[in-house]
Amino acid sequence: MWAPASGDVALSLAGLVGSSGEVVGVERDPRSISRAKARVADAGLHDVPFIESEVAHLSSGQLFDAVVGRCILMFLPDSASVLRLLSQFVRPGGVLISRRLLIVLFSSLPALCRSGRQAL
Ligand SMILES: C[S@@+](CC[C@H](N)C(=O)[O-])C[C@H]1O[C@@H](n2cnc3c(N)ncnc32)[C@H](O)[C@@H]1O
C-alpha cells in the first residue's frame, strides 16, 4: 500500500490479510507514518512496516499480491510512470488498485440526484 497518511488503508489491508499476511506501507511524510503506525497498533493488528520514501523512488525485489493506493495519484506529477513502476511489484495474477475517496456534501446535490441510487 502506498501513502497511508491517516492509516485507514493500512488498517483495512492489515485486517484483510490477517496475521499470516504482510502489509507494507510507503509514505514520504514521517508524521503520517507515526499516525498510521499508532492507529494500526491501537487496533491490535500485527505490525505494519512502513517505508519512508517518495513513491517514485521505490525499489523492491519483493513481489506482492496487491499494490493498493487511495487518494494519491493526484499528488504525483507523472502518475503514469509511477503506476508503471508499481506494476513491477505485483506478482503475476495480482492486482494494482488505485482508489479515490468520493466526499460529497449531500445537501449540495440536486434533488434528482438525492432521490435515486442510479444518479450517483
Ligand atoms: C490525501 S493523503 C491520502 C492518504 C491515504 N492514502 C488515505 O486514503 O487515507 C495523501 C498522502 O500521500 C502522501 N504522498 C503524496 N505524494 C507522495 C509521494 N510522491 N510519495 C509518497 N507519498 C506521497 C502524502 O504525504 C499524504 O500522506
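Start by selecting Ile 33, Ala 36 and Val 40, the buried residues of helix 2. They span an arc of only 70° around the axis, so they sit on the same side of helix 2. The spacing fits a general pattern: an α-helix has 3.6 residues a turn, so residues three or four places apart point the same way. Bear in mind as you click around that this is a predicted model.

Now show the whole of helix 2, residues 30-42. Helix 2 has 13 residues and reaches 18 Å from its first C-alpha to its last, close to the 18 Å expected at 1.5 Å a residue. Turn helix 2 over, and on the face away from its buried side you'll find the exposed residues Arg 31, Ser 34, Ala 38 and Asp 42. Turn back again: what covers the buried residues of helix 2 includes helix 1, strand 1 and strand 2. Just past the helix, pick out Gly 44, which follows helix 2 and has a positive phi near 75°.

Stay with Val 40 for a moment. Which residues does Val 40 contact, leaving aside neighbours within four places in sequence? Light up Gly 7, Ala 10, Leu 11, Ala 14, Leu 45 and Val 48.

Next stop: helix 1, residues 8-17. Select Val 9, Ala 10, Leu 13 and Ala 14, which are buried there. Their arc around the axis is only 125°, which puts them on the same side of helix 1. These buried residues pack against strand 1 (25-27), helix 2 and strand 3. At the end, look for Gly 18, which follows helix 1 and has a positive phi near 70°.

Now put the pieces together. Add Val 23, Ile 33, Ala 36, Val 40, Val 48 and Phe 50 to the helix 1 selection of Val 9, Ala 10, Leu 13 and Ala 14, and you have the largest nonpolar core, with 10 residues. Helix 1 and helix 2 each supply at least two residues of this core. The largest share, 4 residues, comes from helix 1. As a general rule, in soluble globular proteins nonpolar side chains tend to be buried together.

Move on to Cys 71, in the loop between strand 3 (64-70) and helix 3 (79-87). Check the backbone here: Cys 71 has a positive phi of about 55° although it is not a glycine. In general, most residues other than glycine have a negative phi. Is Cys 71 buried or partly exposed? With 16 C-beta neighbours inside 10 Å, Cys 71 counts as partly exposed.

Then jump to Val 95, in strand 4 (residues 90-99). Val 95 is exposed, with 11 other C-beta atoms within 10 Å. Draw a distance from its C-alpha to that of Ala 66: they are 29 residues apart along the chain but separated by 4.8 Å. Val 95 touches Ala 66 and Val 90, not counting residues up to four places away in sequence.

Finally, zoom out. The protein has 4 helices and 4 strands, running α-β-α-β-β-α-β-α from the N terminus on. Of its 120 residues, 20% count as buried.

Colour by pLDDT to finish. The mean is 83, and 80% of residues reach 70 or more. Among the elements, helix 3 has the highest mean pLDDT (95) and helix 4 (residues 111-115) the lowest (53). Over residues 116-120 the pLDDT is below 50, and beyond near neighbours in sequence this stretch has 3 contacts in the model.

Terms used: Residues are numbered from 1 along each chain as its sequence is written. A residue is buried if 20 or more other C-beta atoms lie within 10 Å of its own, exposed if 12 or fewer, and partly exposed in between; C-beta atoms are placed from the backbone. The arc is that of the directions from the helix axis to the C-beta atoms. Two residues are in contact if their C-beta atoms, placed from the backbone, lie within 7 Å. A nonpolar core is a set of buried Ala, Val, Leu, Ile, Met, Phe, Trp, Tyr and Cys residues joined through C-beta atoms within 7 Å. pLDDT is the predictor's confidence in each residue, from 0 to 100. The expected span of a helix is 1.5 Å times one less than its number of residues.
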